[in-house]
Amino acid sequence: MKKYIIYIIVLVAGLLLGKLFFGNSLDKETSHNHQTESNTSQMWTCSMHPQIMQPEAGDCPICGMDLIPAEAGADGLSPNQFKLTKNAMALANVQTTIIGSATANTDNGITLSGKIAKNEEANAVQVSYFAGRIERLNISFTGENVREGQLLATIYSPELVKAQQELLTASTLKETQPALYKAVRNKLKLWKLSDNQINQIESSKKVKENFPVYATVSGTVSEKLVAQGDYIKQGQPLFKIANLNTVWANFDVYENQISNFKVGQAIAITTNAYPNEVFNAKISFINPVLNPKTRTVTVRAVLNNRKELFKPEMFVTGKVDTRVMDTKVQLLIPASAVLWTGKRSIVYVKPDADNPIFEMKEIVLGNKLGDNYEVKSGLQSGDEVVTNGVFTIDASAQLQGKKSMMNHKKEMSEQFEVSKQFTSQLQTAYDAYIKLKDNLIKSDAELAKNGASTLHKALQNIDMKLLTSNKAHKQWMPLNKTLKSSSNGIANSNDIKAQRNQFKILSEHFILAVQSFGINEVSYKQYCPMADRDKGAYWLSKEKQVLNPYFGDTMLKCGEVKQEINNN
């Protein structure tokens with residue numbers, strides 16, 4: 001019995017010693033495992049770039065700032081991105097399209113509106129070759145058809161009466177004074193009397209009081225300029241006669257479409273009067289002068305009208321197939337995707353194909369090709385853009401306080417206190433910007449490329465960590481992104497026109513950068529109202545003198561100083 005009691009005591013003592021020695025270790029291990037699990041689920045983000053999500057602490061791969069623990073439920077969206085629910089997407093019928101580079105071979109081509117006009121080359125003005133009074137007018141109304149040689153009017157002319165009397169007198173002296181006789185006959189010929197008419201007067205020996213006026217061309221009377229009984233002067237117009245066997249089809253073409261047209265290009269013409277017929281013609285004339293009121297030029301085609309199908313002032317529609325003449329690769333976007341905010345064009349992109357996330361982007365458009373626009377900058381092949389429900393998307397962005405059509409124009413003009421080192425780095429970039437501007441003034445695309453590359457490197461050397469204020473950092477980040485993108489776009493282009501389009505965007509953001517952070521000198525904000533197809537554009541200069549980078553020598557002095565920026 002004592003033996004069993006001893007075994008029990010030893011067992012209890014062992015358990016107590018085991019708990020004493022190993023219990024804390026087990027608790028620590030359990031605690032450590034929980035902590036490890038907790039640490040594993042912790043994500044780290046950047047205060048400036050919430051789209052950055054990493055499983056462990058470190059530096060932001062974009063701006064280099066220290067990452068901070070992400071809050072529970074952080075969605076990883078950038079400041080200008082926003083999310084819609086599936087119900088909102090369905091109610092707005094939001095549709096998207098993935099855009100890609102393609103040749104400008106839209107099946108729709110370019111559709112133009114126009115009117116039928118009289119062929120001015122076939123028009124004639126019927127005049128009177130002598131002064132007098134209209135005794136009889138044989139044309140009663142406009143639109144009346146006449147044929148060559150038809151009697152139009154009868155005119156009493158005192159001058160002709162006197163000239164006939166001179167002829168009758170000279171005819172009796174033609175043997176003795178042949179020169180006088182010949183001079184009198186020639187005088188009558190100057191008034192367009194024929195030899196037969198003159199011989200008839202001479203043989204009858206009678207003076208005719210009334211003389212006929214015959215049509216010199218066939219056609220339709222388009223305008224009646226006199227009435228019976230009117231007194232007219234020599235050379236005064238009586239009628240305008242239009243030959244409508246051919247007519248003009250005149251179309252208005254906007255200036256951003258001019259490059260799509262050339263003389264000899266085929267155009268298919270239709271009209272509401274004959275909806276089932278297509279009349280094929282060729283462009284015969286492109287007006288070299290732009291209409292300053294409508295900002296259009298006239299493109300003309302000549303139509304055969306022997307069947308009298310076309311009437312002047314009739315509305316017509318022309319369609320030009322651009323595939324024939326434009327085979328360069330272009331980035332096209334559906335017209336329904338674009339919103340206009342005065343001078344700017346914006347779209348909404350869907351950066352995440354699997355989630356209803358959207359973001360506004362500003363783009364530069366080129367020509368309209370059918371139902372599409374050519375995209376000069378702001379998008380790239382593979383981007384997914386909203387093509388239906390765009391206004392609903394924009395309203396959602398506005399309600400969520402994101403960048404939208406209504407509020408994206410607000411300039412970030414707050415001034416910040418920054419370190420001398422940051423100012424010096426921005427000054428280096430500003431000097432490179434000025435050199436790029438000077439190269440564009442020279443209209444030298446190669447020099448502009450080199451200048452843009454230098455500017456891009458200067459922007460990359462600006463240390464964002466020098467901006468210790470969160471507000472200053474938030475101000476700089478979107479500016480820096482656009483400045484780099486625009487300078488890179490200029491550096492990769494050989495087309496001076498495309499470089500100037502990018503320079504406009506670059507300048508707008510560089511102006512904000514100089515206004516917000518300052519440089520070590522005075523800068524002049526200058527403006528040209530005729531740049532960018534009369535939409536206007538700004539740039540910066542070291543001098544007050546205006547030298548225009550958007551036109552170069554063609555309009556070197558166009559512009560004015562809008563602001564003197566001095567943050568010193």
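User: What percentage of the 568 residues in the protein is buried, and what makes a residue buried?

Analyst: Buried residues account for 42% of the 568 residues. A residue is called buried when its relative accessible area is under 20%, exposed when it is over 50%, and partly exposed in between (1.4 Å probe, protein chains only). The structure is a predicted model, in which local features need pLDDT of at least 70 and side-chain atom pairs count only at pLDDT 80 or more, while totals for chains, interfaces and linings use all residues. Residues are numbered from 1 along each chain as its sequence is written, and side-chain values use heavy atoms, with hydrogens and water left out.

User: How many helices and strands are there, and what makes a run of residues count as one?

Analyst: The protein has eleven helices and 29 strands. Each is a DSSP run, numbered from the N terminus: a helix is H or I with at least four residues, and a strand is E with at least two.

User: Why is the pair Lys 187 and Glu 166 called a salt bridge?

Analyst: A salt bridge requires a side-chain nitrogen of Lys or Arg within 4 Å of a carboxyl oxygen of Asp or Glu. The closest N and O atoms of Lys 187 and Glu 166 are 3.5 Å apart, so the pair meets that rule. Lys 187 belongs to helix α4 (residues 178-190) and Glu 166 to helix α3 (residues 158-171), so the bridge ties together parts 21 residues apart in sequence. By the same rule, the count is 14 salt bridges.

User: What makes Lys 187 and Glu 166 partly exposed?

Analyst: The relative accessible area of Lys 187 is 35%, and that of Glu 166 is 29%. Both values lie between the two cut-offs, so both residues are called partly exposed.

User: How do you know that Arg 185 and Glu 202 form a salt bridge, and are they buried or exposed?

Analyst: Their side chains meet with 3.1 Å from N to O, which satisfies the salt-bridge rule. This pair links distant parts of the chain, with Arg 185 in helix α4 and Glu 202 in helix α5 (residues 195-204), 17 residues apart. Arg 185 has a relative accessible area of 12%, and Glu 202 also has 12%, so both are buried. The two residues also belong to a network of salt bridges with Lys 174, Lys 189 and Asp 195.

User: Why is Lys 437 called buried, and what is Asp 438 called?

Analyst: Lys 437 has a relative accessible area of 3%, so it is buried. Asp 438, at 30%, is called partly exposed. The two form a salt bridge, with their closest N and O atoms 3.2 Å apart.

User: How many disulfides does the structure hold, and why are Cys 528 and Cys 558 in this position or not?

Analyst: The structure holds zero disulfides. A disulfide is a pair of cysteine sulfur atoms within 2.5 Å. The sulfur of Cys 528 is 3.2 Å from the closest cysteine sulfur, that of Cys 558, so it is too far for a bond. Cys 528 is buried at 0% relative accessibility, and Cys 558 is buried at 15%.

User: What makes β9 and β11 a pair of strands?

Analyst: Two strands pair if DSSP finds at least two bridges between them. Four bridges join β9 (residues 132-137) to β11 (residues 151-156), so this antiparallel arrangement counts as a pair. Arg 133 stands opposite Tyr 156 in β11. Two bridges join β9 to β14, also antiparallel, which meets the cut-off. There, Gly 132 stands opposite Ile 232 in β14.

User: Which strands are the edge strands of the open sheet, and why?

Analyst: The open sheet has four strands in the order β12-β11-β9-β14, with antiparallel pairing. Its edge strands are β12 (210-214) and β14 (231-232), each of which pairs on one side only.

User: What is known of how α8 and α10 cross, and which residues meet?

Analyst: The axes of α8 (residues 445-460) and α10 (residues 496-517) come within 11 Å and cross at roughly 30 degrees. Axes are lines fitted to C-alpha atoms, for helices over the stretch in contact, and angles run from 0 to 180 degrees between N-to-C directions. Contact means heavy atoms within 4.5 Å. Ala 445, Ala 448, Lys 449 and Leu 455 in α8 meet Ile 496, Gln 499, Leu 506 and Phe 510 in α10.
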